[in-house]
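This report concerns the fold of one chain, a helix pair within it, and a single residue of another chain.

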Amino acid sequence: MKRLAMRIYRRLALAFPHEFQMIYGADVMDVGQEAIDDLWAQHGFVDLLRLLADIAVRLPIEYLSELRQDLAYAFRTLLKAPGFAAVGILSLALGIGIATVWSSEFINLILRDMPGAKNPDRLVLTKSSYPYFERFRDQRSLFTGGAAYLGPIPFNISFQSSGASFKGGGGGTKTERVFGHLVSPEYFSVIGVSASRGRTFDAQIDKPGSAPVVFISDRFWQERMNADPDAVGRTIHVNGQPATIVGIGPRDFLGATPIAPAEMFVPVTSPIAMVPELAGDMIHKRDAKDFNALFRLAPGVTLKSAEAALDTVTRNLDDETLDPARHAKGRRITLLPGGKMAPVPSEALPVVLGMMMLLTGLIIGIACMNLANIQLARATARRREVAIRLSVGASRFRLIRQLLTESVLLASAGGCAGVLLAYWAASGFKRIKVPVSVPVELNVTPDWHALMIAVAISVAAGIGFGLAPALTSTRTDLASTLKEGALQQLRGYRRFGLRNLIMVAQVAGSLMLLLVAGFLVIGNQTANKIDVGFNPLNMILISLDPVRDGYSAQRAANLFEHLPERLQRAAGVQQVTLADAPPFSPLVGTSTLTALSKPGGADQVVQGFAKEIIGAAYFSALSVKMVEGREFNERDQNIDGKNTALPVVLNQSAARELFGNADPIERRIAESSRAYEVVGLVKDLSAPLSSRGSDDGPEIPVIPTVYLPLTRSDFARPPIEGIIVMVRTSQGTDALAGIRRELAALDPNLVMFNVRTLAEEVDRNTVMKTISTIVYGGIGSFGLILAIIGLAGVTAYSVARRRREIGIRIALGARKGQVLRMVMREGGTLVIAGSALGFLGGVGAARALSAASSVFGPSFVEASHDPLLLIGAPLLLASLAMFACYVPARRCAKIDPMIALRQE
Amino acid sequence: MPKVETFLPLKTTWFHIMLSLAGEDQHGYGIMQEVLDRTGGKVRLWPATLYGSLKRLIEAGLIEESGDRPKPALDDARRRYYRLTRLGRRVLDAESERLQELVRILQVKRGLEAL
């Protein structure tokens, strides 16, 4: 018994920290031995246990106290090397922060399920017309259910505030504009959402002609109705028509496209007066693919097999009804996963995720390399300190622990800063109001997983890169290190050392990041540009829809005939024109035109034209000069296109495709049964986000376009957005008040809606691109900053380490210029090697990504020929890197040889 | 020099160790024995606690290792001897004053009760 206790005691005593043992080890051992004999003789077993318990408790206490000392020491050393600490913490913070925010955005947008949906993985989405949707839905072997919805679309709602039950109570009527979905009755059952109060829509109850009903979201109920307990059953006015609230959705449910939240749901069976989007017999139109069709896949059916089956159904439907030109094109159905925050084609997912991984990987990689680099540099610099401490009796284990404590301290400081940065950046992101007509919610709350992974990687890297130099530097040959001082590490400098490799990798990684981000930014920008010869803020766009204001077709046509002339009278108005869509909106080139030959030649059939319907003096209002011929005038608006050929204007791309280099003026074109005569030629106007042919084709900024004149029949049947009145105003005048007066004078009941400037309109179309430009641009810049921090830190360190060598060189007669050149040459070699690798890597990654995806493809193709980027990015990086070398190099050229030599 | 008051009230272990060193220099085992004798076997400083406390007392500057060795006959060469520093003495004095004060207060209260 006694012997066992003694053995345990010994073991524990030997486990005490090295320093404690050096001083008290023998005493503890002796006293313990004597005490054990004594205790056993006098008190027996219980006191022996107490003796062992005492030593077992003291053991961790001693270690903790040592840890506390280590931490205090580490804290002091970091304070004494603020540059080192700053580089480390900043690198980690930027790396973790940016990578987290960015990947969180991706995860939230792409990987997160639609809130409220049941089994969201089984939902698929496609664009379809309503009749087609009905046929799709009836494919019982494919789908267990299907729903169609349109939206988000705006509703003007008003309700009687009864007493204090509504916000701002006190009675009276409140009108608000909310966005919602126009849905088929199956909408909720397909998604798997049930009402938290009241009921959802039901195909049996909600039939055409039944009393108008609406379903509201929980958010609507909470925020606009102050969670009124009697909300269900109340009547609210939707676009001026009374409707009954039949149900309230569950919390968090914001419709089938949560990125653009829907607050209100209106069945497609509602009267047209309540939902103008239903005008023109939308429900029965077969060729308008306006509806989103959401289906729940039947068990065992995959997205691909459903896609193929729907393709056949579509082909049959097309054959049944539509003009034969249609089925020849082999229209395809594309099904997207429907249960996510935003629909992303599943083929694109690996590319998008690969993109995310590549960029976040590069960012974190650069941050880690920064850390590794400075840690290595610092470990070399501290060889002497380590050697001295070893020689005065510090244990190797203790020293490693000490160095590791410093790394851990640094890494955790960086990690904390990174987490703070991530939250700060995310909250900043949230405050950005996305300038789109439809509310968009970008949820960029840092994703917990992304944050943890980023922190884990960086902290692990921090510790790992701290450990490696700690291990090597504590294994040094004491005598030689102490004698040589700092000279020893000089040998490693020019060799193919780890540190040089890391520096090359760092430059390469940064350049890759810069290039890939640059490709995206430049690609987006070329696609976004509109060119008009005036400030787009000086053009006001106004939508008018007199037919929906109760005008007859005849009266509407008359109104538009006189409108431009009347508006010209308003102060500040320079020019007025009309169009059936805002200028520079995205176009889809789906028309097929035939260039009728001159006698003796063959007709030429070309596909993929976009059509724009525009009013008189459209191009001069946009300050675009005609290349040839004339543009439309008031007379063209009165042409009845049925008997005579309509005059058309072509853009240069269209003219080239139809007529080659021949003069297009007065040539004839046919589109199925209609004939056109070319009267003018205009340069290509960019139309951001346009595409040719199918919906998922690449976006291209310029598309062959044929411009048709607005005619009386267009005025009688205005598009859903109304006829756009485009008013160009003089700089600095507020013409809008005058325009309102003139319109009110014409008819006070005429409703102006969607009033905005051309600049706003363009922003609206390109907002997603603009956001991504900011994001990628930001990532590129952060990568650059990180790389510069790292390079500057490392160069400064290595130069500082070479003070003695440089001092000797200067003492032996080297001139300052020579010293400067030498240091710069060595840095430059590494920078050039890194740049070359990074350039190849960046271009290669861009090629790979563009080959893999039609989403990024065009931007990359555009940008990978951009000389500014291809030459500019490496130059920018290289010059910044050289600058980072230059500053310390210059400092060391000023070294006074005597001081440098004496110091060592 | 750190202020005396920062050490008050002294931890029991510390107080016992310092009390043992108030007379003459002692080694660890000696301190242990003295405390045991003084308290009639009620307080035993277990070895690990004893040396942990000695280490902290040295770090705090209250005691130090003694250079003087006892007479060769009594000297155990392997052992370290400890003594109070000047600060240690002042702290010990302050602590015993504090305790006396407490005792005095108690006596006054008792006296009042007796009346």
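From the N terminus on, chain B follows the order α-β-α-α-β-β-α, which comprises four helices and three strands; helices (H or I, at least four residues) and strands (E, at least two) are DSSP runs numbered from the N terminus. This is a predicted model, in which local features need pLDDT of at least 70, side-chain atom pairs count only at pLDDT 80 or more, and totals for chains, interfaces and linings use all residues. Residues are numbered from 1 along each chain as its sequence is written, while chains are lettered from A and ligands numbered from 1 in the order in which they are written.

Of the 115 residues in chain B, 29% are buried (20 or more other C-beta atoms within 10 Å of the residue's own, with C-beta atoms placed from the backbone).

Helices H2(B) and H3(B) pack against each other as follows.

| Helix | Residues | Contact residues |
|---|---|---|
| H2(B) | residues 28-38 | Gly28(B), Ile31(B), Met32(B) |
| H3(B) | residues 47-60 | Leu50(B), Tyr51(B), Leu54(B) |

Contact here denotes backbone-placed C-beta atoms within 7 Å. The axes, lines fitted to C-alpha atoms over the stretch in contact, lie 10 Å apart at an angle of about 115°, and therefore H2(B) is roughly perpendicular to H3(B) (65 to 115 degrees).

In chain A, Thr200(A) occupies the loop between strand E4 (197-198) and strand E5 (213-216). Thr200(A) counts as buried because it has 21 C-beta neighbours inside 10 Å. Its C-alpha atom is 8.0 Å from that of Ile248(A), 48 residues apart along the chain.

Note on methods:
Buried ≥ 20, exposed ≤ 12 C-beta atoms within 10 Å, placed from the backbone. Axes fitted to C-alpha atoms, helices over the stretch in contact; angles between N-to-C directions. Parallel < 35°, antiparallel > 145°, perpendicular 65-115°, else oblique. Contact = placed C-beta atoms within 7 Å.
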